[in-house]
Amino acid sequence: MPEPGHPVNPSRLWRAATSEDESFLRALHTATQTDFEGLPERDVLLDLQYRARADGYAARHPGARRLILLGDAGPVGMVMLAEEEDATLVVDLAVLPAWQGRGVASAALRTVQATCGSGGVRLHVRADSPARRLYRRLGFREVGSDALNVAMHWTP
């Protein structure tokens, strides 16, 4: 995986994910999850969680695009987008911890905002996630919540 320090290349922000990205995507999932910390079976549980999440996304959003976010040195994150009837849905967004706070997610979301239709962009974020601050800075507003997640929406 690339080391931090290489900036995000705005002319080459992302590319479509391929089957060759599977090991990176699994490593990204492991690196960004705090679930199961301290458990000896953490790797097994994270693998099960990764597969269940991938299967769930495929079932709920069969036409979604999975894009690999790029730094100058290679893959640093992933965004999955689904075009819905009324908005673009950010199904998932993850950035390697060493690359968080370096503008990767902001650049990806600004690009999505610039290319979405009139219905805007929707996403869900864990209520305890620091990413909520980023989304608010980019103009997303909270439109609902449940015990775990907050629904957010941005309109042009």
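Visitor: Which side chain does the side chain of Thr-88 join in a polar contact, and over what distance?
Guide: In this predicted model, Thr-88 is found in strand β4. Apart from its neighbours within four places in sequence, Thr-88 is in contact with several residues, among them Leu-81, Ala-82 and Glu-83. One of these also makes a polar contact with Thr-88, side chain to side chain: the partner is Glu-83, at 2.9 Å.

Visitor: Is Thr-88 buried or exposed?
Guide: Thr-88 has contacts that include Val-112, Cys-116, Gly-120, Val-121 and Arg-122, leaving aside neighbours within four places in sequence. Its relative accessible area is 3%. Buried means under 20%, so Thr-88 is classed as buried.

Visitor: In what order do the seven strands of the open sheet lie?
Guide: The pairing in this sheet is mixed. Its edge strands, each pairing on one side only, are β1 (14–16) and β6 (141–145). Neighbouring strands are turned by 30° against each other on average, direction ignored. The order is β1-β2-β3-β4-β5-β7-β6.

Visitor: How many bridges pair β2 with β3?
Guide: Strand β2 covers residues 65–71 and strand β3 covers residues 74–83. The two form a hairpin with two residues between them, and Leu-70 stands opposite Pro-75 in β3. Their pairing is antiparallel, and the number of bridges is seven.

Visitor: Which residue of β4 is the bridge partner of Gly-77?
Guide: Gly-77 lies in β3, where it is the bridge partner of Leu-69. Strand β3 also runs antiparallel to β4, to which seven bridges join it, and a hairpin through four residues links the two strands. On the β4 side, the partner of Gly-77 is Val-95.

Visitor: How many of the ten residues of β3 are buried?
Guide: Helix α1 (residues 22–32) lies across β2, β3 and β4, and helix α3 (residues 104–115) also lies across β3, among other strands. Strand β3 is mostly covered, and the count of its buried residues is eight.

Visitor: At about what angle does helix α3 run to β4?
Guide: Helix α1 runs at about 90° to β3. Helix α3 lies across β1, β2, β3, β4, β5 (121–126) and β7 (149–154). Its direction relative to β4 is given by an angle of about 165°.

Visitor: How far apart are the axes of α1 and α2?
Guide: Residues including Leu-25, Arg-26 and His-29 in α1 meet residues of α2 that include Leu-46, Tyr-50 and Arg-51. The crossing of these helices is right-handed. They pack at an angle of about 115°, and the distance between their axes is 10 Å.

Visitor: Is Arg-51 buried, partly exposed or exposed?
Guide: Arg-51 is found in helix α2 (residues 42–60). Arg-51 and Arg-26 are 25 residues apart in sequence and 9.1 Å apart in space, C-alpha to C-alpha. The relative accessibility of Arg-51 is 38%. Values between 20% and 50% fall in the middle class, so Arg-51 counts as partly exposed.

Visitor: Over which residues is the pLDDT below 50?
Guide: The mean pLDDT of the chain is 90, and 93% of its residues reach 70 or more. One stretch falls below 50, although it has 28 contacts in the model beyond near neighbours in sequence. That stretch is residues 1–10.

Technical notes: Residues are numbered from 1 along each chain as its sequence is written. This is a predicted model: local features need pLDDT of at least 70, side-chain atom pairs count only at pLDDT 80 or more; totals for chains, interfaces and linings use all residues. Side-chain values use heavy atoms; hydrogens and water are left out. Two strands pair if DSSP finds at least two bridges between them. Axes are lines fitted to C-alpha atoms, for helices over the stretch in contact, and angles run from 0 to 180 degrees between N-to-C directions. Contact means heavy atoms within 4.5 Å. Buried means under 20% relative accessible area, exposed over 50%, partly exposed in between (1.4 Å probe, protein chains only). A polar contact is a pair of N or O atoms within 3.5 Å; within protein, one must be able to donate a hydrogen and the other to accept it, and residues adjacent in sequence count only if both atoms are side-chain atoms. pLDDT is the predictor's confidence in each residue, from 0 to 100. A crossing is left-handed if the near helix is turned anticlockwise from the far one by less than a right angle, and right-handed if clockwise.
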